[in-house]
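Here's a quick walk through one protein model, written for someone who likes to check things in a viewer. Load it up and follow along.

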Amino acid sequence: MTDTTFGGFIATMIGPKRRWRQYQARVRQLPPNYRAAVEAIQRHMMHFVPTDADSEASRFEDLAALFEQAAADGTPIREIVGPDPVTFAETFVRDYTDGGYVPARARKQLTDAIERAAG
């Protein structure tokens, strides 16, 4: 393996991990109810297959940015996700993924988690 190839391989392996850690750090900075909502949506989004590593990272970064802005503006969680958090999450992830299967139990878990986070 040449140095260039090896460097590309390392960047491929480390890059997404670094972005994931940065995303997690951003989520930890959110107010508790916003953090709970993001973590619930994040669990739901794990059922979907990303188109590539960049899309995988981007969808979570964009989710964090959405909730960071909402928290800064004082936007209620229900105003962000609407009356159906499952539809919100699945619509949100559609641009970043090839699709996935979400069991009914996971959909109920997301709905319940958002209900608790929204108060």
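## Aromatic pairs

Counting ring pairs in this predicted model gives six aromatic pairs. Take Y23 and F60 to start: their ring centres are 5.4 Å apart and the planes sit at 50°, so this is a tilted pair. Because Y23 belongs to helix 1 and F60 to helix 3, the pair ties together parts that are 37 residues apart in sequence. Neither ring has much exposure to speak of: Y23 has 2% relative accessibility, and since the cut-off for buried is under 20%, Y23 counts as buried. F60 is buried too, at 1%.

Another pair to pull up is F92 with Y96. Here the ring centres are 5.8 Å apart with the planes at 35°, so F92 and Y96 are tilted as well. Both F92 and Y96 are buried. Going back to Y23 and F60, ring pairs also bring in W20, making a cluster of W20, Y23 and F60.

## The nonpolar core

Which residues touch the most other members of the largest nonpolar core? They are I41, L63, F67 and V81, in a core of 30 residues. The elements giving two or more residues to this core are helix 1 (3-28), helix 2 (32-45), helix 3 (53-73), helix 4 (77-81), helix 5 and helix 6 (104-118). Helix 2 gives the most, with six residues.

F67 is a handy one to click on. Skipping neighbours within four places in sequence, F67 is in contact with L30, Y34, A37, V38, I41, I80 and V81. Two of those names, I41 and V81, also turn up in the list of core residues that touch the most other members.

## Helix 5 against helix 6

Two packed helices are described by the angle between their axes and the distance between the axes. For helix 5 and helix 6, the angle is about 110° and the axes are 8 Å apart. An angle of 65 to 115 degrees counts as roughly perpendicular, so that is how helix 5 sits relative to helix 6. On the helix 5 side, the residues at the meeting point are P85, V86, A89 and E90; facing them from helix 6 are R107, L110, T111 and I114.

## A closer look at V86

V86 lies in helix 5, which covers residues 85-93. Is V86 buried or exposed? V86 has a relative accessible area of 9%, and because anything under 20% counts as buried, V86 is buried.

Leaving out residues up to four places away in sequence, V86 touches H44, R107, L110 and T111. Of these, R107, L110 and T111 are among the helix 6 residues that meet helix 5. For a C-alpha distance to check, try V86 and M45: they are 41 residues apart along the chain, and their C-alpha atoms are separated by 9.8 Å.

## The whole chain

Zooming out, the protein has six helices and two strands. Reading from the N terminus, the order of elements is α-α-β-α-α-α-β-α.

How many of the 119 residues count as buried? The share is 35%. The protein exposes about 7100 Å², with carbon and sulfur atoms supplying 54% of that area. As for contacts with a separation of 6 or more, residues 24 or more positions apart account for 77% of them.

Note on methods. Residues numbered from 1 in each chain as written. Predicted model: local features only at pLDDT ≥ 70, side-chain atom pairs only at ≥ 80, totals over all residues. Heavy atoms only, no water. Helix = DSSP H or I, 4+ residues; strand = E, 2+ residues; numbered from the N terminus. Buried < 20%, exposed > 50% of the residue type's maximum accessible area, 1.4 Å probe, protein only. Contact = heavy atoms within 4.5 Å. Core = buried A, V, L, I, M, F, W, Y, C linked by side-chain atoms within 4.5 Å. Phe/Tyr/Trp six-rings, centres within 6.5 Å; stacked < 30°, edge-to-face > 60°. Areas by Shrake-Rupley, 256 points an atom, 1.4 Å probe, with all protein chains shown as cover. Axes fitted to C-alpha atoms, helices over the stretch in contact; angles between N-to-C directions. Parallel < 35°, antiparallel > 145°, perpendicular 65-115°, else oblique.
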